[in-house]
Amino acid sequence: MKRVVQNQEGKTPGVDKIIWKTPQQKMQAAQSLTRRGYKTQPLRRIYIPKKDGRLRPLSIPTMKCRAMQALHLLALEPIAEFKADKNSYGFRPKRSAADALGACHIDKGVFHQTELGTPQGGLASPTLLVLTLSGLEDTVLKAISKRKDKVHFSIYADDFIITSASKEVLEVKVKPLVESFLHQRGLAFTRENQDHAY
């Protein structure tokens with residue numbers, strides 16, 4: 001409950017326009033949380049301006065939905081930690097963007113900035129993303145020769161870098177495996193990512 005009401009989202013109402021402010025409201029809300037009969041409510045959609053003038057969509061759940069997500073997160077996070085790929089760093093305890101950068105083996109030691117990321121949403125969204133991408137590294141490494149093809153991974157949230165000593169290995173072997181993996185989960189490379197794939 002503390003996690004739900006004390007972050008910035010705790011001051012922003014969902015479609016029901018309800019915010020839990022007083023100790024009485026918080027206690028009543030905590031006592032009302034139950035798995036039986038719970039149904040998610042629609043998300044409130046707002047748009048936040050980016051520096052380049054575009055708008056980034058943000059979905060705001062109701063307070064009750066946030067609290068239910070927090071409860072589900074208590075069960076999901078240990079599973080995500082168990083299943084997550086070795087080189088996955090985003091939205092994971094005791095891992096950071098600096099760890100992801102440290103794992104990169106980029107062409108001639110040059111780091112190429114990644115500017116796209118996961119849209120912010122509910123509390124459980126980051127952990128669900130870790131679960132969704134779990135197995136990507138294993139899928140690719142099982143289908144190629146890691147030592148011969150010199151393939152390395154660094155995954156952070158919905159961004160990932162896969163490097164190899166050979167452009168051909170990336171184009172012919174790795175990319176089709178990644179596309180298939182993403183497709184099975186209802187995902188695909190964005191056009192911008194396609195343009196910067198190599």
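Helix α3 (residues 63–83) and helix α5 (residues 125–133) approach each other with their axes within 9 Å and cross at roughly 30°. Axes here are lines fitted to C-alpha atoms, for helices over the stretch in contact, with angles running from 0 to 180 degrees between N-to-C directions. The crossing of α3 past α5 is left-handed, meaning that the near helix is turned anticlockwise from the far one by less than a right angle. From α3, the contact draws on Leu73, Leu76, Glu77, Ile79, Ala80 and Lys83, and from α5 on Thr127, Leu128, Val130 and Leu131; contact means heavy atoms within 4.5 Å. By type, these residues divide into 7 nonpolar, 1 polar and 2 charged. In that division, Ala, Val, Leu, Ile, Met, Phe, Trp, Tyr, Cys and Pro count as nonpolar, Asp, Glu, Lys and Arg as charged, and the others, Gly among them, as polar.

A word on the basis of all this: the model is predicted, local features need pLDDT of at least 70, side-chain atom pairs count only at pLDDT 80 or more, and totals for chains, interfaces and linings use all residues. Residues are numbered from 1 along each chain as its sequence is written, and side-chain values use heavy atoms, with hydrogens and water left out.

Stepping back, the chain has 9 helices and 4 strands, arranged from the N terminus as α-α-β-β-α-α-α-α-α-β-β-α-α. Helices (H or I, at least four residues) and strands (E, at least two) are DSSP runs, numbered from the N terminus. Of the 198 residues, 31% are buried, where buried means under 20% relative accessible area, exposed over 50%, and partly exposed in between (1.4 Å probe, protein chains only). Among contacts with a separation of 6 or more, 62% join residues 24 or more positions apart.

Now let us set α3 beside helix α8 (residues 167–184). The expected span in the table is 1.5 Å times one less than the number of residues.

| Helix | Residues in helix | Expected span | End C-alpha distance |
|---|---|---|---|
| α3 | 21 residues | 30 Å | 29 Å |
| α8 | 18 residues | 26 Å | 25 Å |

In α3, a kink of about 35° lies at Leu74, shortly before the proline Pro78. The bend at a residue is the angle between axes fitted to the seven residues ending there and the seven starting there. Helix α8 bends by about 40° at Val174, with the proline Pro176 following within four residues. Buried positions of α3 include Met63, Arg66, Leu73 and Ala80, while those of α8 include Leu170, Val174, Val178 and Leu182.

Two of those α8 residues turn up again around Phe160, which sits in strand β4 (residues 159–163). Leaving out residues up to four places away in sequence, Phe160 touches Leu136, Ser154, Ile155, Val178, Leu182 and Phe189. The C-alpha atom of Phe160 is 9.5 Å from that of Asn87, 73 residues away along the chain.

The loops deserve a look too. Thr62, between β2 (55–60) and α3, is buried because its relative accessibility is 0%. Beyond its neighbours within four places in sequence, Thr62 contacts Gly14, Val15, Asp16 and Gln41. Lys94, in the loop between α3 and α4 (97–102), has a positive phi near 60° without being a glycine, and is exposed at 87% relative accessible area. Lys150, between α7 (146–149) and β3 (152–156), is another non-glycine residue with positive phi, about 50°; its relative accessibility of 48% makes Lys150 partly exposed.
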